[in-house]
Amino acid sequence: MILSGATGTLLKIDPAKSTITVKKHTGVQDFGYDKDDFDAEQYTSLTGKLVNLQLRDFMVVAIIKGDGEEGEEEKQKGE
């Protein structure tokens, strides 16, 4: 199991393709997620906001909303 993360602006969540699109400082990147393990659609309200993605084996397992203020984050986990 590999744990990592990615930070950027959430551009869209595509349930049909099971992807989350984030604009990072290096460009736009898509991340996959498993529909059975993570309910990404509940995070659509974060579109356009700074987020941190938590990844396990290169798949999204959690989204953390970043306020842009250091030290203040609201953690939201998939069920």
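The following paragraphs lead through the nonpolar core of this structure and then through three loop residues. The model is predicted, so that local features are reported at pLDDT of at least 70 and side-chain atom pairs at pLDDT 80 or more, while totals for chains, interfaces and linings use all residues. Residues are numbered from 1 along each chain as its sequence is written, and side-chain values use heavy atoms, with hydrogens and water left out.

The largest nonpolar core, meaning a set of buried Ala, Val, Leu, Ile, Met, Phe, Trp, Tyr and Cys residues joined through side-chain atoms within 4.5 Å, has 16 residues, and those with the most contacts inside it are Ile-20, Phe-38, Leu-53, Val-60 and Ile-63. Two or more residues of this core come from each of strand 1 (3–14), strand 2 (19–24), strand 4 and strand 5 (59–66), where strands are DSSP runs of E with at least two residues, numbered from the N terminus. Ile-20 is in contact (heavy atoms within 4.5 Å) with residues that include Leu-10, Ile-13, Phe-31, Phe-38, Leu-53, Val-60 and Ile-63, when residues up to four places away in sequence are not counted.

Ser-18 belongs to the loop between strand 1 and strand 2, and it counts as buried because its relative accessible area is 15%, the cut-offs being under 20% for buried, over 50% for exposed and in between for partly exposed, with a 1.4 Å probe and protein chains only. Leaving aside residues up to four places away in sequence, Ser-18 touches Phe-31, Gly-32, Tyr-33 and Lys-35. Although Ser-18 is not a glycine, it has a positive phi of about 55 degrees.

A positive phi of about 55 degrees is also found at Asp-57, likewise not a glycine, in the loop between strand 4 and strand 5. Asp-57 is partly exposed, because its relative accessible area is 41%.

Tyr-43 lies in the loop between strand 3 (27–32) and strand 4 (50–56), and it counts as buried because its relative accessibility is 1%. Its side chain makes a polar contact of 3.1 Å with that of Gln-42, such a contact being a pair of N or O atoms within 3.5 Å, of which, within protein, one must be able to donate a hydrogen and the other to accept it, and residues adjacent in sequence count only if both atoms are side-chain atoms. The C-alpha atoms of Tyr-43 and Ile-13 are 8.2 Å apart, although 30 residues separate the two along the chain.

Key
Helices (H or I, at least four residues) and strands (E, at least two) are DSSP runs, numbered from the N terminus.
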